[in-house]
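Work through the exercises below with the structure on screen. Try each task before you read its solution.

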Amino acid sequence: MAVVFAKTKMLCEKPFHYCPGCTHGIIHRLVAEALDELGIGETAIGVAPVGCAVFAYDYFACDMMEAAHGRAPAVATGIKRVCPDKAVFTYQGDGDLASIGTAEIIHAATRGEKITTIFVNNAIYGMTGGQMAPTTLPGQVTTTSPYGRDTSHCGWPVKVSEMLSTLTGPAYIARVSVHDVPNIKKAKAAIKKAFQLQMEGKGFTLVEVLSTCPTNWGKTPQEALMWVKESMIPAYPLGVFKDVTAQPATPEGGAQ
Amino acid sequence: MKQLMKGNEAIAEAAIQAGCRFFFGYPITPQNQIPEYMSKRLPQVGGCFLQAESEIAAINMVYGAGGAGARVMTSSSSPGISLKQEGISYIVGAEVPCVIVNMVRGGPGLGSIQPAQSDYYQATRGGGHGDYRMCVLAPGSVQEAVDLTQDAFDIADRYRNPVLVLGDGLIGQMMEPVDMDKVADRAPAADLKEKNWAANGHIPTEDSPRAIINSLYIDPQVLENHCKRLQAKYDLIAANECRWQEEMLSDAEIVIVAYGTTSRIARSAMRKCREKGIKVGMLRPITLWPFPDAALRKTLSTAKAYLVLEMSMGQMVDDVRLAINGERPVHFYGRTGGMVPTVAETAAQIEQLAQSIAPDDGTCRTEFEKTVRGAAEKIDAAAEVVGKKLDEAGKKITETFNSPELHKKAQDVGKQASDFAVRTADTVAKGVTELFGAIGKAVESVQKDLKDIEQQQKAESDESEPPKDGGKEGE
C-alpha cells in the first residue's frame, strides 16, 4: 500500500500543546517539511522565542536554543557566526519580534544576517492571556485594550514585513497566511524559499505568517480562520515584499 | 620578551591566544580598546568580531555563540554590564560558558568614566534574576589581567558557567610591561572535555544527543532540582577555584583587604607603614567570588583589626565582615565616583588604626591629645591640692573635737547652764509661790468684804420689815 501521508521526520513525537484552532501546529509542520525537503533539517539549529512557541525546542527535531524574550535574532546571529554552513532559524511571535525584540530583528535584518525568521503574527499576546500586541488591529478588544485598540491613545499596528523590506540587508521578505489550503501551500513555498536563500548566502530572510488565536480572540476555530481572511489580511496584505532573486527588482504582489 | 601594553589591549590579545575566536560588544568608555583591538585582530585569525546594536544584543550573541560551542567573549563597562544582566541570567541558567569583562566606572546611572569598584555587589551576587553565581576574577596588574583572562576561558568551559573578569578604568587604560610570549597559543586546560552538549547542528549520537540549550523549567520541582544541581556546581567552584594573595601577613596586627587597583595603593601604603614599625599586612582576593573566607580567617591568629580599602562606598567590606564573623573590628576606607584613594590618605588610615589598637604607653600622639592631656593633668594637680587642704581641715576639726581643753570648757559651760537653770527654776518657783500667796490673800480679802456687805444689808432690812399677815402683796 502506498504511503500518501506521513509525519515529517523533522518534528519530534511530542504532541503540540497549542489550543484547538491555533495554526502554530500548521506553521511548525511547514517549517519542518521545508527543512526536511531541502535536506538541511538534521543539521539545522533553531532558536525558540518567549511566547506560545516557547516550547518549540520540544517539537523541532534539531539542535535548539531557547532565547530571552525578543532576543532570538541576536542568539541566532551568535550561532550562525559560529556555524556559517548550517541552517539557522528563529521562530518568533508578534510580541516577541515586533515589540520587545524590535532592535534585534531590525539589526539582524540590516546586517543581512544569514538566518531565517519565521514571524508568526496573530495580533495578540497569546501565552500571557490575550493582551494587546503591537500588531493588534485598531478597535480590536484585548485584555489590555478592553474598549478596543484606540489608535489616538496607543498608536497603530506595526507592519513588520513592510518596514524591514525598506532595508538593504534582507534577501527575502514575504507575508503569507495559513487560513486555507491554497494559502498553506503558498506559505510552505515561501518558507522553503527563505531557507534556500539563506543557504545560498543571499542574506536575511523572513516569512511573516498570519496566524489564529481562537482562545484569546473569543472565537471558534472556524470563526478565527474567517477573521484572518476578513480582518487581518486587509490590514496585513499578503505578498513578497523583498526578493533579491526576483527578475527584475519589482516586488511580486506585495508592497501595497 | 616583555612589551608595553594597555590593559584593554592585553586582555583582548590574551583572549585570542586562549582560543577565543568570537567577540560581540558595544562601545562604552573605558573599555573601547577591547572591541577595537578585537575588530582588527579576530579577522586575522579566522575569527569574528561583530559590533552589536546594544549590550543586550551583544550578550545574546555571546549566548548563541557559546551555545554553539565556541570560546566567546564580550566586554563592557558598568552601565553596559547592567544591560547584559538579563542575558547573563539566561546564560547561567542554560549553562553556557563564556567570558565577560567589566572595566568598572563610577556609578550609579551614567555615573562617570573614571575607575571605580562599585559594581562589586552586582558582580559577586549575580546581578541578574534568579539563584546563581559567577566566578569573578579581579586582576591587579596588566600581566595578571592577561593571565586571568586566559584562565577565565578554562574555568568557564570546566563548569559551563560564565566567568567575569572585573577590572576598572585604571586596569584597562594603564600601560605596563607584559610577557605575551608566555601566553601565546595557550592550549585549553588538559581536563576540559569535548563540548558534546553544544547546539552546533550536529547529527545526534549516543554520546551527543540532540542539543537543547534552555533555561525554562516550567515544572517547579524540576526547576528546583536544576537549581540544586547548579548550586552543587557553585560549591565545586568555591572549593576549587578560590584565589588570593598574602603579603606580610605572618605578624600582621592590621590586615588590609583590597583587590585590583586599590590593592596596589594599599601595598604602597602598607610598605610605608611597615617602615614606621606598624605591623600591617594585606590579603588580596583574586577571586571575588568565591571569596577567600578561609584564608582571611587564618589571619585572625595575629590580626587585631581589619581595614578594607575599596573604590566604592563599601561593598566587599560586607564579605570581610561575614568571613571574620564579628571576631575583630572591620574598618572601611573608600573613595568612589571615579575618585582613587591616594597612598598618603591610605597610610594615614592605617596609622590611625595602629594607634587605636596600640596599648596605652602614655605618649601623646596628636596636638589635641596633648592639649587634652595637659588640661587633665592640671585638673588632677588642682584636685590634689584641694584634697590635701580638705584633709587638713578635716584633721583640725577632729583634733579640736578631741582636745581636753574643749572638753573642760564644755563641762564648765554645762555646769554654768545647769546652775543657771537651777537658779532660774528657784526664782520661778518662788515667784509662783508668792503669786499664789498674793492671789490667796486677795481672795480672802474679797470674801471678807462680801461678808461685811451681807451683814450690813441684813441689818438694814430688819428695821423696815412689814407685818407678817394682813397685808396683800401688790394690791
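**Exercise 1. Find how strand 10 of chain B pairs with strand 12 of chain B: parallel or antiparallel?**

Step 1. Strand 10 of chain B and strand 12 (residues 280-285) of chain B pair in the antiparallel sense, over four bridges. Strands here are DSSP runs of E with at least two residues, helices are runs of H or I with at least four, and both are numbered from the N terminus. Two strands pair if DSSP finds at least two bridges between them.

Step 2. Pick one bridge. Gln245(B) has Arg284(B) in strand 12 of chain B as its partner.

Step 3. Note the model's ground rules. Residues are numbered from 1 along each chain as its sequence is written, and chains are lettered from A and ligands numbered from 1 in the order in which they are written. This is a predicted model, where local features need pLDDT of at least 70, side-chain atom pairs count only at pLDDT 80 or more, and totals for chains, interfaces and linings use all residues.

**Exercise 2. Describe the sheet of five strands in chain B and the helices on it.**

Step 1. The sheet is open, with mixed pairing and the order 10-12-11-14-15. Strand 10 (244-247) and strand 15 (330-334) of chain B are its edge strands, each pairing on one side only.

Step 2. On average, neighbouring strands of this sheet are turned by 20° against each other, direction ignored.

Step 3. Add helix 9 (residues 260-275) of chain B. Helix 9 of chain B lies across strand 10, strand 11 (254-257), strand 12 and strand 14 (305-310) of chain B, at about 165° to strand 12 of chain B. Axes are lines fitted to C-alpha atoms, for helices over the stretch in contact, and angles run from 0 to 180 degrees between N-to-C directions.

Step 4. Add helix 11 (residues 316-324) of chain B. Helix 11 of chain B touches strand 11, strand 14 and strand 15 of chain B, and its direction makes about 160° with that of strand 14 of chain B.

**Exercise 3. Work out how helix 1 and helix 2 of chain B cross.**

Step 1. The axes of helix 1 (residues 7-17) and helix 2 (residues 33-41) of chain B come within 8 Å and cross at roughly 45°.

Step 2. That makes helix 1 of chain B oblique to helix 2 of chain B. (Under 35 degrees is roughly parallel, over 145 roughly antiparallel, 65 to 115 roughly perpendicular, and the rest oblique.)

Step 3. List the contact. Helix 1 of chain B contributes residues including Ile11(B) and Ile16(B), and helix 2 of chain B residues including Ile34(B) and Tyr37(B). Residues are in contact if their C-beta atoms, placed from the backbone, lie within 7 Å.

**Exercise 4. Which strand of chain B joins a sheet with strands of chain A?**

Step 1. Read the order of the open sheet of eight strands: 9(A)-7(A)-8(A)-4(A)-3(A)-1(A)-2(A)-9(B). Strand 9 of chain B is the answer.

Step 2. Strand 9 (239-243) of chain A and strand 9 of chain B stand at the edges, each with a single partner strand, so one side of each is left without a neighbour in the sheet.

Step 3. Look across the chains. Strand 2 of chain A and strand 9 (residues 212-213) of chain B run parallel, joined by two bridges. Met64(A) stands opposite Ile212(B).

Step 4. Count the contact: 28 residues from chain A and 34 residues from chain B. Helix 2 of chain A gives the most to chain A's side, with eight residues.

Key
Contact = placed C-beta atoms within 7 Å.
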